[in-house]
Amino acid sequence: EEEKEWNRSINWIKQIQKLTGDNIKNKIAKFEVLKGKDKYLNGDLKEAEDIYLKIKKNYPSLELSYLYLGDLYEKRRDLVKAVENWQNFTSRDPLNAPKVFSKIESGLFDLGRYSEVENFYRRFIEQNPSNFEAVIRLVNILDEKGENSSALSLLESFDNIKNIDIRVDLIKLKLSLINSTPIELSQQIDLILENITNAE
């Protein structure tokens with residue numbers, strides 16, 4: 001593994017599996033992914049794609065193959081397949097989904113499928129309501145569309161995230177810039193400063 005000899009590593013794992021009887025498919029899949037990544041980094045996109053597609057078929061729950069396939073298709077400018085694979089990655093690994101949020105947004109914007117960005121985040125949040133990064137992204141999209149009050153309502157509807165991150169207060173402040181008076185904005189800033197002090 002340290003020498004990046006993935007085929008030999010896979011053969012050794014298979015030998016160990018025969019001796020111990022342990023089911024270590026995930027370890028084999030990991031080496032296959034790393035082998036594909038090496039091919040990708042060396043510019044052999046066809047070989048990398050073949051490896052990732054094989055992994056996807058044999059180990060459909062392994063999320064990394066979707067991530068790397070998305071990157072590979074992006075490099076080829078096949079954005080439809082890239083976005084599809086990144087979205088599959090987010091559903092299989094919601095914790096690490098924010099790694100590809102900006103890629104999905106860029107891909108859908110480049111494809112002219114603007115409304116799908118909002119729909120993607122709404123579906124994702126429905127399945128993962130505590131994912132703060134997705135909430136922030138959706139709030140920003142609504143704000144960019146001029147749906148300021150909808151964005152603020154959405155943010156306030158997530159009681160479970162209100163106290164976990166100062167960004168909630170900062171986004172509220174940003175959304176309030178249009179409709180609030182200077183005194184109200186000043187009060188919000190004071191509240192943010194107070195929360196920071198309490199957190200320390």
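From the N terminus on, the elements of the protein chain run α-α-α-α-α-α-α-α-α-α-α. In this predicted model, the count is thus 11 helices and 0 strands. Along its principal axes, the C-alpha trace spans about 70 × 40 × 25 Å. The radius of gyration is 22 Å, whereas a compact globule of 200 residues would have a value near 16 Å. Of the 200 residues, 38% count as buried. Among contacts between residues at least 6 apart in sequence, 42% join residues at least 24 apart.

A walk along the chain can begin with helix H1, which covers residues 6–20. At 1.5 Å a residue, the 15 residues of H1 should span 21 Å, and the end C-alpha atoms are indeed 21 Å apart. Trp6, Ser9, Ile10 and Ile13 are the buried residues here. Seen down the helix axis, the buried residues of H1 fall within an arc of 100 degrees, so they line one face of the helix. Trp12, Lys18 and Leu19, on the other side of H1, are exposed. After the helix comes glycine 21, with a positive phi near 80 degrees.

Helix H4 (residues 64–75) offers another setting. Its 12 residues reach 17 Å from the first C-alpha to the last, close to the 16 Å expected at 1.5 Å a residue. In H4, 9 of the 12 residues are buried, so this helix is largely enclosed by the rest of the structure. The buried set consists of Ser65, Tyr66, Leu67, Tyr68, Leu69, Gly70, Asp71, Leu72 and Tyr73. Just after H4, arginine 77 takes a positive phi of about 65 degrees.

Serine 65 deserves a closer look. With a relative accessibility of 0%, serine 65 counts as buried, because the cut-off for that class is under 20%. Leaving aside residues up to four places away in sequence, serine 65 touches Tyr52, Ile55 and Lys56. A polar atom of the serine 65 side chain also lies 3.0 Å from the backbone oxygen of leucine 62. Lysine 37 is 28 residues from serine 65 along the chain, and the C-alpha atoms of the two are separated by 9.5 Å.

Two sequence neighbours in helix H6 (residues 98–110) come next. Glutamate 105 lies in H6 and has a relative accessible area of 13%; since buried means under 20%, this glutamate is buried. Beyond residues up to four places away in sequence, glutamate 105 touches Val117, Tyr121, Arg137 and Ile141. Serine 106 is also placed in H6, but its relative accessible area of 39% makes it partly exposed. The C-alpha atoms of serine 106 and asparagine 58 are 30 Å apart, and the two residues are separated by 48 residues along the chain.

In soluble globular proteins, nonpolar side chains tend to be buried together. The largest nonpolar core of this model has 49 residues, among which Tyr52, Tyr121 and Val139 touch the most other members. The largest share of this core, 8 residues, comes from helix H8 (residues 132–144). Two of the three residues named above also appear among the contacts already described: Tyr52 touches serine 65, and Tyr121 touches glutamate 105. As for valine 139, Ala151, Leu154, Leu155, Ile171 and Leu175 are in contact with this residue, not counting residues up to four places away in sequence.

H8 itself has 13 residues and reaches 18 Å from its first C-alpha to its last, close to the 18 Å expected at 1.5 Å a residue. Its buried residues are Phe132, Ala134, Val135, Ile136, Leu138, Val139, Ile141 and Leu142. The cover over these buried residues includes H6, helix H7 (114–127), helix H9 (148–157) and helix H10 (166–176). At the N-terminal end, asparagine 131 caps H8, with a side-chain oxygen 3.3 Å from the backbone nitrogen of glutamate 133. Glycine 146 follows H8 and has a positive phi, near 85 degrees.

Technical notes: Residues numbered from 1 in each chain as written. Heavy atoms only, no water. Helix = DSSP H or I, 4+ residues; strand = E, 2+ residues; numbered from the N terminus. Expected span 1.5 Å × (residues − 1). Buried < 20%, exposed > 50% of the residue type's maximum accessible area, 1.4 Å probe, protein only. Arc of directions from axis to C-beta. Core = buried A, V, L, I, M, F, W, Y, C linked by side-chain atoms within 4.5 Å. Contact = heavy atoms within 4.5 Å. Polar contact = N/O pair within 3.5 Å; in protein donor to acceptor, adjacent residues only side chain to side chain. Rg over C-alpha atoms; globule rule 2.2 N^0.38 Å.
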